[in-house]
Amino acid sequence: MMKSFVFAFKQAIPVFFPYLFIGIAFGVLMDEAGYSAGWSLLSGVFIYAGSMQIVMVSLLTAGASLGTIALMTFFVNARHIFYGIAFIDQFRKMGREYPYMIVTLTDEVYSILCSIDYSEDVDVRKTDFYITLILHLVWILSCLAGALFGQLIPYNLAGIEFSATAFFITVCMNQWQSLDSHLPAITGLISALVFYFILGPSQFILPALAVSVLVLIIMKSRSKSQKKQLGLEVEASLTEPVEEISYEC
Amino acid sequence: MNADWIYTLEALAVVALVTILTRSLPFLFFGGKKELPETVIYLGTVLPAAIMIILVVFCLRNTGLTTYPFGLPELLSVALVIVVHRIGKNVFLSIITGTGLYMVLIRTLFMVGS
């Protein structure tokens, strides 16, 4: 058990920076908006979604209607809908922890779990749970620390938010090395860039995700029908038909 | 402020519940099935790589490309992360050097008056 915990802690460390920074930023914003530390604590525990919590502060101070808040939350967090797909089997085997694993599946937890390379002497189930729990606690403490002591920090941490970007880049690179096919990553990149330039920074992510899903499904069925036509036993290759499809999106 | 605590509580609850909903949807759809549809299993293996790179673009989405410094601090720092990670293969080191460079760049070479 101790081994799994230490292993989980090591996997979680890279995310401490982005969590600390975003959590503290949220706590400071709440404090400045006149909300006591208890609200930051509650948000950290029950919402646990970085960018959404920061958006929420402005919704709260504007006194937005609950309907508006619900809609906003849905659009800001809709990308999460795509995350669970990879973990349905893995999570439902976890029993008691199943619901907890689902509601705490943030961008960062998702990327750790996607790219983790379990060493042989650890318990996969426990490791997943510990990573999730450790990061949730770090998040809660960051939100609280921002609300309580944020004003004391000589607040020039500007730029530290880049740590989240850096983290996701390392995950991309690790996956790039471990996966045989690079087509999913290339599909994601192309659709993200295309929609970024068409729709702009605030609206590109959902279409980019949706189109990636579609393109990947099309690739699969194409490579299948091609196999049938040729009567070949090609190993799960998604190769040929792809490029033309990617450009269409 | 005091009179507003009910509204604040309601707002927090709405944000929390809708967030939980977005995270639960795939499990609500497929979690009860004994055998997952083939397409879902397939997507589970290929989608993460696509999503991860979309997340990188998402993180960089507010980079100003049309005004000074034209995204240069981001570009240089991303490049450093890639190089350091290629050589060192250490996530922690890659994050620290990349973020360090970014924080230095926006304070020195590419400082934008604020």
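**Exercise 1. The fold of chain A**

What share of the contacts in chain A with a separation of 6 or more comes from residues 24 or more positions apart? Describe the secondary structure and burial of chain A as well.

*Solution.*
Step 1. This is a predicted model. In chain A, 75% of the contacts with a separation of 6 or more join residues 24 or more positions apart.
Step 2. Count the elements. Chain A has 12 helices and 0 strands. Read from the N terminus, the order is α-α-α-α-α-α-α-α-α-α-α-α.
Step 3. Turn to burial. Chain A has 249 residues, and 45% of them count as buried.

**Exercise 2. Where to trust the model**

Find the mean pLDDT of each chain, then locate the stretch of chain A where pLDDT stays under 50.

*Solution.*
Step 1. Start with the chain means. Chain A averages 86, with 90% of its residues at 70 or more. Chain B averages 89, with 95% of its residues at 70 or more.
Step 2. Go element by element in chain A. Helix 2 (residues 37-46) of chain A has the highest mean pLDDT, 97. Helix 12 (residues 242-248) of chain A has the lowest, 38.
Step 3. Mark the weak stretch. Over residues 232-249 of chain A, pLDDT stays under 50. The model still has 26 contacts beyond four places in sequence for this stretch.
Step 4. Apply the rule of caution. Predicted coordinates should not be read in detail where pLDDT is low.
Step 5. Check the complex. The predictor assigns an ipTM of 0.88 and a pTM of 0.82.

**Exercise 3. The contact between the chains**

Work out how many residues each chain brings to the contact, and which helix of chain A gives the most.

*Solution.*
Step 1. Chain A brings 71 residues and chain B brings 56.
Step 2. On the chain A side, helix 9 (residues 162-178) gives the most, with 13 residues.
Step 3. Sort that side by class. It has 52 nonpolar, 15 polar and 4 charged residues.

**Exercise 4. Domains and core**

Decide where the largest nonpolar core lies relative to the two domains of chain A.

*Solution.*
Step 1. Take the assigned bounds. Domain 1 of chain A covers 2-178 and domain 2 covers 180-249.
Step 2. Look at their direct contact. In chain A, 5 residues of domain 1 touch 5 residues of domain 2. The domain 1 side holds 4 nonpolar residues, no polar ones and 1 charged one.
Step 3. Now the core. The largest nonpolar core has 106 residues. Those with the most contacts inside it are A:Phe168, B:Val15, B:Leu47, B:Ile53 and B:Ile54.
Step 4. Place it. Both domains of chain A give residues to this core, so the core lies between them.
Step 5. Zoom in on one member. Beyond four places in sequence, B:Ile54 touches A:Gly188, A:Ala192, A:Ile205, A:Ala208, A:Leu209 and A:Ser212.

**Exercise 5. Helix 4 of chain B**

Compare the span of helix 4 of chain B with the expected one, and list its buried residues and their cover.

*Solution.*
Step 1. Helix 4 (residues 91-105) of chain B has 15 residues. From first C-alpha to last it reaches 21 Å, close to the expected 21 Å.
Step 2. Its buried residues are B:Val91, B:Ser94, B:Ile95, B:Gly98, B:Thr99, B:Leu101, B:Tyr102, B:Met103 and B:Leu105.
Step 3. Recall helix geometry. Residues three or four places apart point the same way, because an α-helix has 3.6 residues a turn.
Step 4. Name the cover. It includes helix 1 (2-32) and helix 9 of chain A, together with helix 3 (72-88) of chain B.

**Exercise 6. Loops of chain B**

Is B:Lys34 buried or exposed? Then find the unusual backbone geometry in the other loops.

*Solution.*
Step 1. B:Lys34 sits in the loop between helix 1 (5-30) and helix 2 (38-59) of chain B. It counts as exposed because it has 4 C-beta neighbours inside 10 Å.
Step 2. Gauge a distance. The C-alpha atoms of B:Lys34 and B:Leu101 are 49 Å apart, with their positions 67 residues apart along the chain.
Step 3. Set the baseline. Most peptide bonds are trans, and most residues other than glycine have a negative phi.
Step 4. Inspect the loop between helix 2 and helix 3 of chain B, which holds B:Pro69. A cis peptide bond, with omega about 0°, joins B:Tyr68 and B:Pro69. B:Phe70 lies in this loop too, and has a positive phi of about 55°.
Step 5. Inspect the loop between helix 3 and helix 4 of chain B, where B:Lys89 lies. B:Lys89 has a positive phi of about 55°.
Step 6. Check exposure. B:Phe70 is partly exposed, with 13 other C-beta atoms within 10 Å. B:Lys89 is partly exposed, with 13 such atoms within 10 Å.

How values were computed:
Residues are numbered from 1 along each chain as its sequence is written. Chains are lettered from A and ligands numbered from 1 in the order in which they are written. This is a predicted model: local features need pLDDT of at least 70, side-chain atom pairs count only at pLDDT 80 or more; totals for chains, interfaces and linings use all residues. Two residues are in contact if their C-beta atoms, placed from the backbone, lie within 7 Å. Helices (H or I, at least four residues) and strands (E, at least two) are DSSP runs, numbered from the N terminus. Ala, Val, Leu, Ile, Met, Phe, Trp, Tyr, Cys and Pro count as nonpolar, Asp, Glu, Lys and Arg as charged, and the others, Gly among them, as polar. Domain bounds come from an automatic or database domain assignment. A nonpolar core is a set of buried Ala, Val, Leu, Ile, Met, Phe, Trp, Tyr and Cys residues joined through C-beta atoms within 7 Å. A residue is buried if 20 or more other C-beta atoms lie within 10 Å of its own, exposed if 12 or fewer, and partly exposed in between; C-beta atoms are placed from the backbone. The expected span of a helix is 1.5 Å times one less than its number of residues. pLDDT is the predictor's confidence in each residue, from 0 to 100.
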